[in-house]
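I opened this entry to look up the pocket, the core and some strand pairing. Notes follow in the order I took them.

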Amino acid sequence: MANITIRPESFDDLHGIDIVNISAFEEEDEARLVTAIRHSPAYIPELSLVAEGHDRIVGHLMMFMTQLEQQERNINILALAPMSVLPSHSHRGIGSELVTKALEQAKNQGFPAIVVVGYPDYYTRFGFKPAWQKELACNLPVTREAVLVLELEEGTLDRGGTIIYPPVFHQFYETAH
Ligand SMILES: CC(C)(COP(=O)(O)OP(=O)(O)OC[C@H]1O[C@@H](n2cnc3c(N)ncnc32)[C@H](O)[C@@H]1OP(=O)(O)O)[C@@H](O)C(=O)NCCC(=O)NCCS
């Protein structure tokens, strides 16, 4: 994509990331969530990506560590959230670029699966499927249709289980407007 670079976030980007999240969500809750994840054990710096264009941050996507509890084992998987693009830059493919790059990085790092809570119509285009179809539950207070999963390592999601989001995410649902 012309003039857009996707790369891991750095300390100098934090203010720009706040602006993107507050503008895209039209409130501050998601920006606070991003900061809270960054200060939690779930944070993986190289998997929090920015889209940079014309010397400013125009998009952001965070992935962080979460757990999949299955009958005989618990495994680390990734959760994707939040993601945002400046309203002035939306509908130009920047969100898609961020997701595509994020999936590539997740595979490179050897994560076996990714979960996202979001718009089914948006994420299914990248291969995400409804979690309930894989008999996967989730410990967040959301509808089952909103939970989508992508398998990166074959067979990981064949045993069902429960996706356990970290405490920082529950605080978000308890306090978000
Ligand atoms: C969702 C978002 C990240 C998409 O970024 P983007 O750069 O516009 O995405 P792309 O250009 O790659 O794709 C645009 C397509 O996404 C889809 N899309 C955008 N918002 C959507 C929504 N709320 N629900 C379903 N699909 C949506 C549309 O099909 C759109 O196609 P169009 O351009 O033909 O209308 C951006 O609109 C945003 O920041 N929204 C507000 C914050 C948000 O809701 N984040 C997602 C939380 S799950």
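Below are my entries, beginning with how the model is read.

I worked from a predicted model, in which local features need pLDDT of at least 70, side-chain atom pairs count only at pLDDT 80 or more, and totals for chains, interfaces and linings use all residues. Residues are numbered from 1 along each chain as its sequence is written, and side-chain values use heavy atoms, with hydrogens and water left out.

Core. I looked up the largest nonpolar core (buried Ala, Val, Leu, Ile, Met, Phe, Trp, Tyr and Cys residues joined through side-chain atoms within 4.5 Å; buried means under 20% relative accessible area with a 1.4 Å probe, protein chains only). I found 56 residues in this core, and Met-63, Leu-80, Leu-98, Phe-128 and Ile-163 have the most contacts inside it. Its largest share, 8 residues, comes from β4; strands are DSSP runs of E, at least two residues, numbered from the N terminus.

Ile-163. I listed its contacts (heavy atoms within 4.5 Å), leaving aside neighbours within four places in sequence; among them are Leu-68, Ile-77, Val-115, Leu-136, Val-147 and Val-149.

β8. Two of those contacts, Val-147 and Val-149, led me to strand β8, residues 147-151, where 4 of 5 residues are buried. I noted that β8 pairs with β5 in the antiparallel sense over 5 bridges; pairing requires at least two bridges found by DSSP. Val-149 in β8 stands opposite Val-115. Strand β6, residues 129-130, also pairs with β8 in the antiparallel sense, over 2 bridges, and there Lys-129 has Val-149 as its bridge partner.

Key. Buried means under 20% relative accessible area, exposed over 50%, partly exposed in between (1.4 Å probe, protein chains only).
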